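Here is a short tour of a protein model, written for someone who likes distances and cut-offs. Have a look at the sequence and coordinates first, and then let us walk through the contacts together.

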Amino acid sequence: MTHYTGLIERYRKRLPVSDSTRIISLNEGNTPLIQLQNIPRLIGKEVDIYVKFEGLNPTGSFKDRGMTMAVTKAVEAGSHAIICASTGNTSASAAAYAARAGIRAFVLIPEGKIALGKLAQTLMYDAKIIQISGNFDQGMQLVKEVADHAPVTIVNSINPFRIDGQKTAAFEIVDALGFAPDYHCLPVGNAGNITAYWKGYTEYARDRVCGNLPVMCGYQAAGAAPFVLGEMVDHPETVATAIRIGHPQSWDFAWTAQRESGGWFDKFTDEQILAAQKMLSQFEGIFCEPASATSLAGALHDIGSGKIPEGSKIVCTLTGNGIKDPEIAMMQCADAKPITIDASLDAVKRAILDSL
Ligand SMILES: *Cc1c(COP(=O)(O)O)cnc(C)c1O
């Protein structure tokens, strides 16, 4: 029996590491691909929808796939500090892998616009948090400038090793299904992940591990949808803070993925995104964060309109764990207040019978 030690060990042949590289890992990857059982029935469509639940990575998001590679390579190059701009998950992941490696992490976050769980994690992993009174895009610009003036390695997805680590999610999907899906749906913010999945799928197809390629569907929040508008957005706004990005760094790569795969971009309102998040929790028992549910919101819309035809096999990436954003979850369930009763058998019995 082999012990799972992380995605670099599993896909070593396909990643830029050598036998002497010290691997910085928290056993990330190997996340479950879960077939939805109830939602297809509810919408009355003959489709196979699988979700790749990336919220089960060590820090609760897919960012760990890229971070194990980026920090491994930073340490190999002799770096003692890493830096990133973040809407929350990159900072949590960078902080964790820096702790594991024994180096420093600096993170720039937009003040007041980061989910509570992500802030708590980053503090616990002991990163140096720099809050800016600005948004992610301004933080990203500052990080690029400061890296020219200080001995720090950038671990945002403009770091190519991030993309290499994240492409392994596509490998895992093909390895699990035995083929690539017909459609791959995912939320798009900075567009590193859509770039990474396309790289993974095309690499596997080139080497004949799979015979087909998916159509890539990139979904954005209506208030932060530069790919749908075809131009950068200066004041992105959405409840899905992980994709509250108006100036995506992987702009050209994402358009290549869209064009080469015959895919498309679309946008969905905060209400649609939150409805999909609640639906997944309520009907499938899968709790992802708001940004992640954008993939399902998009898939359901495109299945409904027939753009994604019946008979299709669809994978939606659920990028992060719902526990990260307790404030949104509580807001979503404001009407479902817990009841308070006497601590007696009679009262508990009555409470149960009343609700059946
Ligand atoms: C980072 C992130 C995204 C966006 O991924 P990009 O690579 O920036 O497009 C989506 N959802 C969650 C939960 C994230 O953390």
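Which side chain meets Arg14 in a salt bridge? The partner is Asp207, with 2.8 Å from N to O. A salt bridge here is a side-chain nitrogen of Lys or Arg within 4 Å of a carboxyl oxygen of Asp or Glu.

Before going further, please keep in mind that this is a predicted model, in which local features need pLDDT of at least 70 and side-chain atom pairs count only at pLDDT 80 or more, while totals for chains, interfaces and linings use all residues. Residues are numbered from 1 along each chain as its sequence is written, and side-chain values use heavy atoms, with hydrogens and water left out.

## Salt bridges

The pair of Arg14 and Asp207 links distant parts of the chain, 193 residues apart: Arg14 sits in the loop between α1 and β1, and Asp207 in the loop between α9 (192-206) and β8. Helices (H or I, at least four residues) and strands (E, at least two) are DSSP runs, numbered from the N terminus. Asp207 is partly exposed, at 34% relative accessible area. For these classes, buried means under 20% relative accessible area, exposed means over 50%, and partly exposed lies in between (1.4 Å probe, protein chains only).

The whole structure holds 17 salt bridges. Three of them are set out below.

| Pair | N to O distance |
|---|---|
| Arg14 and Asp207 | 2.8 Å |
| Asp164 and Lys167 | 3.2 Å |
| Asp175 and Arg10 | 3.7 Å |

Asp175 belongs to helix α8 (residues 168-177) and Arg10 to helix α1, so their salt bridge ties together parts that are 165 residues apart in sequence. Asp175 is partly exposed at 37%, and Arg10 is partly exposed as well, at 38%. Asp164 and Lys167, in turn, are both buried. A network of salt bridges links Arg14, Asp164, Lys167, Lys199, Glu203, Arg206 and Asp207.

## The ligand and its surroundings

Which residues are closest to the ligand? They are Lys63, Asn89, Asn190, Ala191 and Thr319, out of 17 that surround the ligand; a residue is counted if one of its heavy atoms lies within 4 Å. Several polar contacts reach oxygen atoms of the ligand, a polar contact being a pair of N or O atoms within 3.5 Å (within protein, one must be able to donate a hydrogen and the other to accept it, and residues adjacent in sequence count only if both atoms are side-chain atoms). Asn89 places a polar side-chain atom 2.7 Å from a ligand oxygen. Gly189 contributes a backbone N or O atom at 2.9 Å from a ligand oxygen, and a polar backbone atom of Asn193 is 2.8 Å from one. Of the 380 Å² that the ligand exposes when taken alone, the protein buries 97%. Accessible areas come from the Shrake-Rupley method with a 1.4 Å probe; for residues, only the protein chains shown count as cover.

## Strands and sheets

Four strands make an open sheet with parallel pairing, in the order β5-β4-β3-β6. Its edge strands are β5 and β6 (153-154), each pairing on one side only. Two strands pair if DSSP finds at least two bridges between them. Strand β4 (residues 104-110) pairs with β5 over five bridges, and Pro110 has Ile132 in β5 as its bridge partner.

Elsewhere, strand β8 (residues 215-221) runs parallel to β9, again with five bridges, and Gly218 stands opposite Phe265 in β9. Four of the five residues of β9 (residues 264-268) are buried.

## Loops

Two residues other than glycine have a positive phi. For Asn30, phi is near 60°; this residue lies in the loop between α1 (7-10) and β1 (33-35) and is partly exposed at 42%. For Asp126, phi is near 70°; its loop runs between α5 (116-124) and β5 (128-132), and Asp126 is exposed at 61%.

Ser79 sits in the loop between α3 (63-76) and β3 (81-85). Ser79 is buried at 13% relative accessibility, and its side chain reaches the backbone oxygen of Ala81 at 2.9 Å.
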